[in-house]
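Good morning, and thank you for coming. I should like to take you through one protein model, beginning with a term that will be needed along the way.

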Amino acid sequence: MGIPFQLQSQQGIQQAKALLAENKIMIKKETSPSEPFGGQPAKNASTPKPNMATAAKVNAMVGNRTWFGGLFTGSGKKRQVHAERNFEMTPLQEQRMQKLKDRLNIPFDETRPDHLTSLKALWKVSFPDTELTSLVSEQWKDMGWQGPNPATDFRGGGFVSLENLLFFARRYPASFQKLLLKTQGMRATWEYPFATAGVNISHMLIQLLELNSARPKTLPGINFVRMLSEHEDVFDILYCIAFEMMDAQWLAMRASYMQFNDVLEATKAQLERELSLEDLLRIQDLPAYNLLLK
């Protein structure tokens with residue numbers, strides 16, 4: 001069972017910080033806002049728990065494709081982690097790693113019926129009481145896509161980024177809906193776009209876990225491979241954890257749209273630390289696993 005946020009005013013901010021500290025999640029100090037990634041963010045017109053109409057105002061953010069570039073090209077040096085030089089994957093780990101890498105190489109294809117079916121399914125689990133009028137529709141902005149056609153945004157992350165969102169919605173619906181609708185916490189006036197943030201989280205995990213390399217060379221990547229022995233869907237679960245961690249950092253930092261990059265980098269750094277823990281064999285061993293709500 002995860003731990004929900006119930007935040008009100010300054011007391012809520014302190015509760016968020018306490019929750020992060022309890023789960024050993026570092027809170028990054030506030031920095032000066034950086035330049036926005038492009039486009040105009042949507043203004044959050046209402047802080048209390050939003051309904052469908054409020055969610056549209058909160059999540060709708062139209063911008064150019066710079067959201068899918070530059071987020072991970074900061075000047076900060078990558079933290080070096082001691083790794084075991086003699087680490088070798090077992091046959092089961094190799095099989096599951098290859099299966100995952102095969103997924104990463106699949107682009108989103110608007111001409112494939114199975115891809116379109118998955119896209120429709122994402123809308124259905126996100127807004128079950130609202131019918132999607134068309135696959136190309138302004139309604140997609142309610143979820144935080146940059147335009148009326150989410151297929152354009154998926155080009156930044158491939159089909160796996162859609163699979164990640166769909167897995168999150170089905171496996172942890174309470175967490176998914178909480179983050180989608182921004183129903184908990186003192187939200188910023190200018191909120192991050194839920195769906196495009198999700199695509200960036202997929203990309204961040206691929207980099208952190210060195211999934212484009214022949215074999216991992218850092219401890220986070222090695223521990224991830226070890227967890228594959230216990231959980232074939234560990235990448236998708238880790239995605240859900242990372243999304244919760246990102247939102248928790250967002251609240252604790254009292255961030256706004258222009259600080260999304262800072263929040264995501266802080267999330268990446270904390271996830272790297274947790275994945276570097278000794279004797280990490282199961283996804284449940286991660287401190288931030290407790291953030292998930294079913």
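A residue is called exposed when its relative accessible area is over 50%, buried when that area is under 20%, and partly exposed in between. With that cut-off in hand, let us turn to Asp-279. At 69% relative accessibility, Asp-279 lies over the 50% limit and therefore counts as exposed. Asp-279 belongs to the segment after H11. Its phi is positive, near 55 degrees, although the residue is not a glycine. As background, most residues other than glycine have a negative phi.

Please bear in mind that what you see is a predicted model. The pLDDT, averaged over the protein, is 78, and 71% of the residues reach at least 70. Among the elements, the highest mean pLDDT, 97, belongs to helix H6, residues 159-171, whereas helix H2, residues 52-59, has the lowest, 32. Two stretches call for caution. Over residues 23-40 the pLDDT stays under 50, and the model has 57 contacts for them beyond four places in sequence. Residues 45-82 also stay under 50, with 98 such contacts in the model.

Now to the general architecture. The protein contains 11 helices and 0 strands, so read from the N terminus, every element in the order is α. Of its 294 residues, 55% count as buried. Among contacts between residues at least 6 apart in sequence, 76% join residues at least 24 apart.

How do H3 and H9 meet? The axes of helix H3, residues 91-104, and helix H9, residues 219-228, come within 9 Å and cross at roughly 105 degrees. At that angle, H3 is roughly perpendicular to H9. From H3, the contact involves Gln-93, Arg-96, Met-97 and Leu-100, and from H9 it involves Phe-224, Val-225, Arg-226 and Leu-228. Sorted by class, these are 5 nonpolar, 1 polar and 2 charged residues.

Let us consider helix H8 next, residues 194-208. Why does its length agree with expectation? At 1.5 Å a residue, the 15 residues of H8 should span 21 Å, and the C-alpha atoms at its ends are indeed 21 Å apart. H8 is also largely enclosed by the rest of the structure, because 13 of its 15 residues are buried. Just after H8 comes Glu-210, with a positive phi of about 55 degrees.

Helix H10, residues 234-252, is where Asp-236 is found. Is Asp-236 buried or exposed? Its relative accessible area is 5%, so Asp-236 is buried. Beyond its neighbours within four places in sequence, Asp-236 is in contact with Arg-103, Glu-163, Asn-164 and Phe-167.

Following the chain further, we come to Arg-254, in the loop between H10 and helix H11, the latter covering 260-274. Arg-254 is not a glycine, yet it has a positive phi of about 50 degrees. At 41% relative accessibility, Arg-254 counts as partly exposed.

To close, I would set two aspartates side by side: Asp-236 is buried at 5%, whereas Asp-279 is exposed at 69%. Thank you for your attention.

Conventions
Residues are numbered from 1 along each chain as its sequence is written. This is a predicted model: local features need pLDDT of at least 70, side-chain atom pairs count only at pLDDT 80 or more; totals for chains, interfaces and linings use all residues. Side-chain values use heavy atoms; hydrogens and water are left out. Helices (H or I, at least four residues) and strands (E, at least two) are DSSP runs, numbered from the N terminus. The expected span of a helix is 1.5 Å times one less than its number of residues. Buried means under 20% relative accessible area, exposed over 50%, partly exposed in between (1.4 Å probe, protein chains only). pLDDT is the predictor's confidence in each residue, from 0 to 100. Contact means heavy atoms within 4.5 Å. Axes are lines fitted to C-alpha atoms, for helices over the stretch in contact, and angles run from 0 to 180 degrees between N-to-C directions. Angles under 35 degrees count as roughly parallel, over 145 as roughly antiparallel, 65 to 115 as roughly perpendicular and the rest as oblique. Ala, Val, Leu, Ile, Met, Phe, Trp, Tyr, Cys and Pro count as nonpolar, Asp, Glu, Lys and Arg as charged, and the others, Gly among them, as polar.
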